[in-house]
Structures are given as C-alpha cells and as structure tokens.
Amino acid sequence: MSLVYFRSMPSRRSSITKKIKTGTTYLHVPSGKRYRVIDLLPDATGYEKTHEVGESVRYEQLDDGEKFPAGTIWVRRVEDFLGKTIVDGREVNIFEESFIT
C-alpha cells in the first residue's frame, strides 16, 4: 500500500493536507457502499483554460448497487472524493476510510 498526499484546493480558512491511500477500502457515506482505491491519475480536464493539471482518484465498487454492479470502476476528482455532503441534515465526508473489508 502506498500513501499519496495532496494539498486540497485553497479555501478561505486555510489549505488542508489530505491523504488518499491506494489499495484501501473507503465507505461512500451517503450510500453505505464500499469502494477500493486503485490509483491516482493526472486530470487535464479544463487544462485549456486554466493551464493546470488536477488529480483524480480511480476506484472500484465492491458492493452491488441498484444501478451498477460490484466491479464497476469510477473516477472522481480528488477534491470531490475528499469533499463533504449533507446526509440526514448533517454535514459528513463523502468518503471515509473503512476498516471493514
């Protein structure tokens, strides 16, 4: 397992160092489904305008879902993977490291 560190997008408060561990299982908090991070990829989306290369996470769905089966591969920008959302009226991380494999 390798550790890769990222600096999140600057916010009004401060920059926060986050880490995503390849090979690690994460829980998608809104759905309760598990995903395993495969690797991290450069993402040139919008490069023509910003001249910046972002980073994305490639991860595999471990649990069957209503629309997509286990084994489905997903790609999401790092800042979205590390983002927050509202569940049952409270702010939660979209993904959290899962200790259940």
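The legends below describe close-up views of a predicted model of a protein chain.

**View 1. The whole chain, with its helices and strands in sequence order.**
In this predicted model, the protein chain contains two helices and nine strands, and along the sequence these elements follow the pattern β-β-β-β-α-β-β-α-β-β-β. The chain has 101 residues, of which 28% count as buried. The views that follow take up the sheet, two hairpins, a pocket and several individual residues.

**View 2. The open sheet of five strands.**
The five strands of this open sheet are arranged in the order 6-5-4-3-9, and their pairing is antiparallel. Strand 6, which covers residues 73-77, and strand 9, which covers residues 95-97, stand at the edges, and because each of them has a single partner strand, one side of each is left without a neighbour in the sheet. From one strand to the next, the twist averages 40°. As a general point for following such a view, side chains in a regular strand alternate between the two faces of the sheet.

**View 3. The hairpin of strand 3 and strand 4.**
Strand 3, made of residues 25-28, pairs with strand 4, made of residues 33-43, in the antiparallel sense over four bridges. Within this pairing, Tyr26 has Tyr35 of strand 4 as its bridge partner. Four residues lie between the two strands of the hairpin, and in this turn Gly32 has a positive phi of about 80°.

**View 4. Strand 4 beside strand 5, and the loop residue His51.**
Strand 4 also pairs with strand 5, again in the antiparallel sense, and here the pairing runs over eight bridges. One of the residues to look for is Asp43, whose bridge partner in strand 5 is Gly54. The loop between helix 1, which spans residues 47-50, and strand 5 holds His51. Although His51 is not a glycine, it has a positive phi of about 60°. Its relative accessible area is 56%, and because this is over 50%, His51 counts as exposed.

**View 5. The second largest pocket and the residues that line it.**
The space in the second largest pocket amounts to about 240 Å³. Its lining is made up of 13 residues, and the closest to the centre of the pocket are Lys33, Tyr35, Gln61, Phe68 and Trp74. Strand 4, strand 5 and strand 6 each contribute at least two residues to this lining. Sorted by class, the lining has five nonpolar, four polar and four charged residues. Tyr35, one of the residues closest to the pocket centre, is also the strand 4 residue that serves as bridge partner of Tyr26.

**View 6. Gln61 and its contact with the backbone of Phe68.**
Gln61 belongs to strand 5, and it is among the residues closest to the centre of the second largest pocket. With a relative accessibility of 3%, which is under the 20% limit, Gln61 counts as buried. A polar atom of the Gln61 side chain lies 2.8 Å from the backbone oxygen of Phe68, and Phe68 is likewise listed among the residues closest to the pocket centre.

**View 7. Lys21 and its contact with Glu97.**
Lys21 lies in strand 2, which is formed by residues 17-21. Because its relative accessibility of 16% is under 20%, Lys21 counts as buried. The side chains of Lys21 and Glu97 are joined by a polar contact of 3.0 Å. Residue 97 falls within strand 9, given as 95-97, one of the strands at the edges of the open sheet.

**View 8. The hairpin of strand 7 and strand 8, with Asp88 in the turn.**
Strand 7, residues 84-87, and strand 8, residues 90-93, pair in the antiparallel sense over four bridges. Across this pairing, Thr85 stands opposite Val92 of strand 8. The two strands form a hairpin with two residues between them, and Asp88 is found in the loop that joins strand 7 to strand 8. Asp88 has a positive phi of about 50°, although it is not a glycine. With a relative accessible area of 78%, which is over the 50% limit, Asp88 counts as exposed.

Methods:
Residues are numbered from 1 along each chain as its sequence is written. This is a predicted model: local features need pLDDT of at least 70, side-chain atom pairs count only at pLDDT 80 or more; totals for chains, interfaces and linings use all residues. Side-chain values use heavy atoms; hydrogens and water are left out. Two strands pair if DSSP finds at least two bridges between them. Axes are lines fitted to C-alpha atoms, for helices over the stretch in contact, and angles run from 0 to 180 degrees between N-to-C directions. On a 1 Å grid over the protein atoms alone, a cavity is a set of points where a 1.4 Å probe fits but cannot get out, and a pocket is an open set with protein on both sides within 12 Å along at least five of seven lines; lining residues have an atom within 4 Å of a point. Grid points are joined across faces, edges and corners, and a volume is the space filled by probe spheres set on the points. Ala, Val, Leu, Ile, Met, Phe, Trp, Tyr, Cys and Pro count as nonpolar, Asp, Glu, Lys and Arg as charged, and the others, Gly among them, as polar. Buried means under 20% relative accessible area, exposed over 50%, partly exposed in between (1.4 Å probe, protein chains only). A polar contact is a pair of N or O atoms within 3.5 Å; within protein, one must be able to donate a hydrogen and the other to accept it, and residues adjacent in sequence count only if both atoms are side-chain atoms.
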